[in-house]
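Dear colleague,

I am passing on the structure below, together with some notes on what turned up in it. Please read the notes with the coordinates open beside you.

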Amino acid sequence: MGTYLNPRNDNFLEMVNTGRYVDKTMLIEQTNKRLFDPTFKFNCISRPRRFGKSIAGDMLVAYYSKGADSKELFSQYKIAKTADFEKYLNKFNVIYIDLNAMNSNWQSCYPKEKKETTVIDYVTNRVCDDFRKQFSDIDFGEYNSIADFIQTVHEQKNEKFIIIIDEYDVLIREQVSEQELDLYRSFLISLFKNANIKTAIALAYLTGILPIMKDKIQSKLNTFCPYNMISPNGFAEFVGFTSEEVSDLCKKYDCDLTLCKSWYDGYHLENFDVYNPESVMNALVTKTFDSYWSGTSTYLVVADKINMNYEGTKDDVIAMLSGGSVSVDVEHYDNTFSNILDKDDVFTFLIHLGYLAYDKKTRKCYIPNREVNGEWQKAIKNNYDYAATNKIIQDSENLLNATLAGDSETVAAALDKAHIHFTSNLSYNNEKSLQSAIYLAYIYALNNYTIIKEMPTGKGYADIVYIPFDKTQTALIVELKRNSSPETALAQIKEKQYFECLSTWQGDILFVGVNYDETTKKHECKIEKFVKN
């Protein structure tokens, strides 16, 4: 039918035909429940880049649009088995606006060809052109707004509309002028707050990275229900891959689930672990676990925000780089790029962008996985304020390599050096503080290992156990002593059979005994390879 009004199902069909589509059609059941409901029919779904927002929008277009015939297309998916599948199938006038694409198209026009002075003019003219073609029997007069066209069709034909706007927040993220932003606010308000056309809209579905703004627009668009990385509210499983889906994909593509989890898991939304679909599919198809994050966004986003250096930011960043989590107040951020007023705003902003994950129960944030951790390490690499932290990470990589090589002397010297970094915050007044310092010294291992402090074994607790994500790599059991000897530490590992905690491990295991002498202020280390009988 049209490009923007009542599109065909081409985009969704193209995705299905790749053979890589993961069935997310039960999202339609959720949106069907919201149809015509004045409280819940206005929805804003925000997720980081490449979390499947656009594919979901294409799917909704294919299902609802009068311009499509999609019964056969959906017949193989879960939604086809629901009672209301055909009730709403291709029954609505759908307005679909990919604001990011339309903004790019408008930006690429030569100045002399820019008849529209703003992207909103461009969007309005294109959609209204479709209205005139598809409703040629209606005289729209001098009207030149989408809201007026919707109202006219509704009044004359009693037809309902579904509005889908993908990347609704692109103008906010590109930080256009306040004048342009005001025009955009007015555009949204005319569509969704105008009492004359609200009844004509059966459903509104907006997607973006940021939730609906809380500043000037919030009082006017408070009808929108936000579903985001902090409060998914029933939409957690529909945007992004779940653990169950990733497990099935790893079987299909014959890839290691543990490695996939270490690289791309970490976002816990309601009762679901949610993965970045773009990264997962790239890894599975290419058989290469790597960072695919920087291809869609940049570590400079992180660098720019942590450079604001609000009080406490640096200490919290270091804690998160060390595998910890920090408290964050997510309530006051106004969901813009510009109005960031304190550390909590910085971290909330980065949660929405996916550079941090959020635990709603503890109200803490953390770096979710190996892929994103790499972006954080890039962000601090050339940051003067984090020079010492970056040096610790570099030294930690050398320490881990020396450990795996069995170079006890280099490990001991590296631990002496690491102790200097932490003496301002840590003193070895007991074995707990020694354990914390050693954990921080091996911070680089977070990229490759699951790290468990005081891992229970049959006869006690191993101080620190490092289990590689890659099953071909070497596991480590580290035992720590003060004012004793590394030989005593190794003897304890063997005597208490700490290796039983890795009884199912198929790869190599190293025993690492570490002693700190309070008199000499030196570390000693002994490393032995465990040989299974």
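A residue is called buried when its relative accessible area is under 20%, exposed when that area is over 50%, and partly exposed in between. Because asparagine 105 has a relative accessible area of 36%, this residue counts as partly exposed. Please keep in mind throughout that the model is a predicted one.

Asparagine 105 belongs to helix α5, which runs over residues 99-108. Measuring from C-alpha to C-alpha in the model, asparagine 105 and valine 119 are 9.0 Å apart in space, with a separation of 14 residues in sequence.

As for the chain as a whole, the protein contains 21 helices and 16 strands, and its C-alpha trace spans about 90 × 45 × 40 Å along the principal axes. Of the 533 residues in the protein chain, 55% are buried, while the surface that the chain exposes amounts to about 23,700 Å², with carbon and sulfur atoms supplying 46% of that area. When contacts between residues at least 6 apart in sequence are considered, 70% of them join residues that are at least 24 apart. The side chains include 60 positive and 73 negative ones, and the centres of these two sets lie 2 Å from one another.

The aromatic residues deserve a separate paragraph, since the structure holds 30 aromatic pairs. In one of these pairs, the ring centres of tyrosine 184 and phenylalanine 187 are 6.3 Å apart and the ring planes meet at 20°, so the pair is classed as stacked, planes under 30 degrees apart being the condition for that term. Tyrosine 184 and phenylalanine 187 are both in helix α9 (residues 178-192), and because they are three residues apart there, about one helical turn separates them. Both tyrosine 184 and phenylalanine 187 are buried. Elsewhere in the sequence, one aromatic cluster is formed by Phe12, Tyr21, Phe36, Tyr63, Tyr64, Phe74, Tyr77, Phe85, Tyr88 and Phe92.

Two lysines are also placed over aromatic rings. Lysine 305 lies over the face of phenylalanine 349, at a distance of 5.0 Å from the ring centre, and lysine 453 has its charged end over the ring of tyrosine 439, 4.2 Å from the centre of that ring.

With best wishes

Methods. Residues numbered from 1 in each chain as written. Predicted model: local features only at pLDDT ≥ 70, side-chain atom pairs only at ≥ 80, totals over all residues. Heavy atoms only, no water. Phe/Tyr/Trp six-rings, centres within 6.5 Å; stacked < 30°, edge-to-face > 60°. Helix = DSSP H or I, 4+ residues; strand = E, 2+ residues; numbered from the N terminus. Buried < 20%, exposed > 50% of the residue type's maximum accessible area, 1.4 Å probe, protein only. Lys NZ or Arg CZ within 6 Å of the ring centre and 35° of its normal. Contact = heavy atoms within 4.5 Å. Areas by Shrake-Rupley, 256 points an atom, 1.4 Å probe, with all protein chains shown as cover. Lys, Arg positive; Asp, Glu negative; His and termini not counted. Charge placed at Lys NZ, Arg CZ, Asp CG, Glu CD.
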